[in-house]
Amino acid sequence: MTLLSNSPASDSQLNYPDLVQTNPGTLAGRFMRMFWQPVYRSQDIAAGRTMPIKIMGEDFTLYRGETGAAHVLAQRCAHRRTQLSVGWVEGDCIRCFYHGWKYDSSGQCVEQPAEDASFAAKIRIRSYPTQEYLGLVFAYLGEGSPPPLPRFPELEGEGVIENYTFVRACNFFRHLELDPAHIAFVHRDSPEAESGLTGIPTIECQETDYGFVFYARRDDKVQTQHRLMPNASYFKVFPMDAESGWRDRVAWRVPVDDEHYVSFIADLVHVTGEAAQRYKERHSAGAKKTGPSIPDLVEAVLAGKLRIEDVKDLGANVVFFQDEVALLAQGDIGSQNIEELGSADSLVSLQRQLWMRELSALAKGRPLKQWTRPPQLIATTGV
């Protein structure tokens, strides 16, 4: 497979920074805004509460109406540009803290206490289509009518849905390029290794109707992961314990800005009945553990104050810790200009080629590929 150069392509004049910069107006930002993006965990925003959020370098207001519906509006009131998230939720509306201008979920101003009643009808702020699915709040932040919200029937069966989220201080594309070859080194002392994902795999990648699929072969066993354009993955995750078994996971890597991204994860744990109750009790007990945060531990490792092998008692979270060290140790995105890719980097190469192709089409006003997925995806563990 021919590896993608980091120098500008002759036909598109695009280079690596075009893939990773997603602020408003950028090519990748326009591309990412053509898809639904998760923006918050459903469980973290109660009815009647507001929250400021930042996605792809842009600020928004998330609130949950008293009826329970989640809504996303522009960050600021149209009047004196006050941050709406410091205001109040009234019904399914939000009222500005400063002078009481009130907006409904469509962004229409419906009340201005100090103004003539006719003025409110002339004022509207931006609103964004919002849906909830798999325990996550999704928003469509692009122009025009949104496409259908992607569904994952693989996670709609019986079992326990769990959601995780975390922020990392690096560009989102770093995580999209996290390939299966790293497991043999980064996770050699982790539940992944204990689950049988050992040794250096042979990796094969191919484009699909929904993005691409990769196969990591270890002897006669194959680990399969699906990447759904632009920034979602579906795969199997190692067991938390013997009773719960391998989990189905969908994960999105969403830019906060060009130096941070947030992961939103939905897992289907295949336990029901009493086994599900036991699992929840075990998981709840594990969540109460205290100690240094993963970012603090990573910072200490990168500063040479701590060795990776010195970090103990993280349980399954050791995988998140090890990944974070690997990703942040790469430095800023400028280092991509001098990296040396090899034949084992087929995942990295293919992903960059797909993004370059799509962004080049977008820049030239040509049609983009219409990504569609089959009714069912099959992920294998490789053990």
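Residues are classed as buried when their relative accessible area is under 20%, as exposed when it is over 50% and as partly exposed in between, using a 1.4 Å probe and protein chains only. Helices (H or I, at least four residues) and strands (E, at least two) are DSSP runs numbered from the N terminus. The structure is a predicted model, in which local features need pLDDT of at least 70 and side-chain atom pairs count only at pLDDT 80 or more, while totals for chains, interfaces and linings use all residues. Residues are numbered from 1 along each chain as its sequence is written, and side-chain values use heavy atoms, with hydrogens and water left out.

Helix H8, residues 318-328, is mostly covered, with nine of its 11 residues buried. The buried residues of H8 include the hydrophobic Val318, Val319, Phe320, Phe321, Val325 and Leu327, and Gln322, Asp323 and Glu324 are buried in H8 as well. Phe321 also appears among the residues with the most contacts inside the largest nonpolar core; such a core is a set of buried Ala, Val, Leu, Ile, Met, Phe, Trp, Tyr and Cys residues joined through side-chain atoms within 4.5 Å.

This largest core has 94 residues, and Leu19, Phe31, Phe173, Trp252, Trp355 and Leu359 are also among those with the most contacts inside it. Helix H9 (residues 346-364) supplies the largest share of the core, eight residues. Apart from this core lies another, of 14 residues, which includes Ile94, Cys96, Trp101 and Tyr103. Within the largest core, the surroundings of Phe173 can be described through its contacts, defined as heavy atoms within 4.5 Å. Leaving aside residues up to four places away in sequence, Phe173 touches Tyr16, Leu19, Val20, Gln351, Arg352 and Trp355.

Several backbone features were noted in loops. Most residues other than glycine have a negative phi, and most peptide bonds are trans. The peptide bond from Met229 to Pro230, however, is cis, with omega near 0°; Pro230 lies in the loop between strand E15 (221-228) and strand E16 (232-237). Positive phi values occur at Met56, near 50°, and at Leu134, near 55°. Met56 is placed in the loop between strands E2 (50-55) and E3 (58-64), and Leu134 in the loop between strands E10 (130-133) and E11 (136-139). Met56 counts as buried because its relative accessibility is 0%, and Leu134 is likewise buried, with a relative accessible area of 10%.

A search of the whole structure finds 23 salt bridges, each being a side-chain nitrogen of Lys or Arg within 4 Å of a carboxyl oxygen of Asp or Glu. In one of them, Arg33 pairs with Glu58, the closest N and O atoms being 3.1 Å apart. This pair links distant parts of the chain, 25 residues apart, with Arg33 in the loop between helix H2 (27-32) and strand E1 (37-41) and Glu58 in strand E3. Arg33 is buried at 9% relative accessibility, whereas Glu58 is partly exposed, with a relative accessible area of 23%.

A salt bridge also joins Glu90 and Arg95, with the closest N and O atoms 2.8 Å apart. Glu90 counts as partly exposed at 29% relative accessibility, and Arg95 counts as buried at 12%. Arg249 and Asp267 meet in a further salt bridge of 2.7 Å, N to O. The two residues are 18 residues apart and link distant parts of the chain, Arg249 being in strand E17 (residues 247-257) and Asp267 in strand E18 (residues 260-269). Both partners are buried: Arg249 has a relative accessibility of 8%, and Asp267 a relative accessible area of 0%. In addition, a network of salt bridges links Asp241, Glu243, Glu274, Arg278 and Arg282.

Arg218, located in strand E14 (residues 211-218), is buried, with a relative accessible area of 8%. Its side chain is joined to that of Gln223 by a polar contact of 3.2 Å. Polar contacts are pairs of N or O atoms within 3.5 Å; within protein, one atom must be able to donate a hydrogen and the other to accept it, and residues adjacent in sequence count only if both atoms are side-chain atoms.
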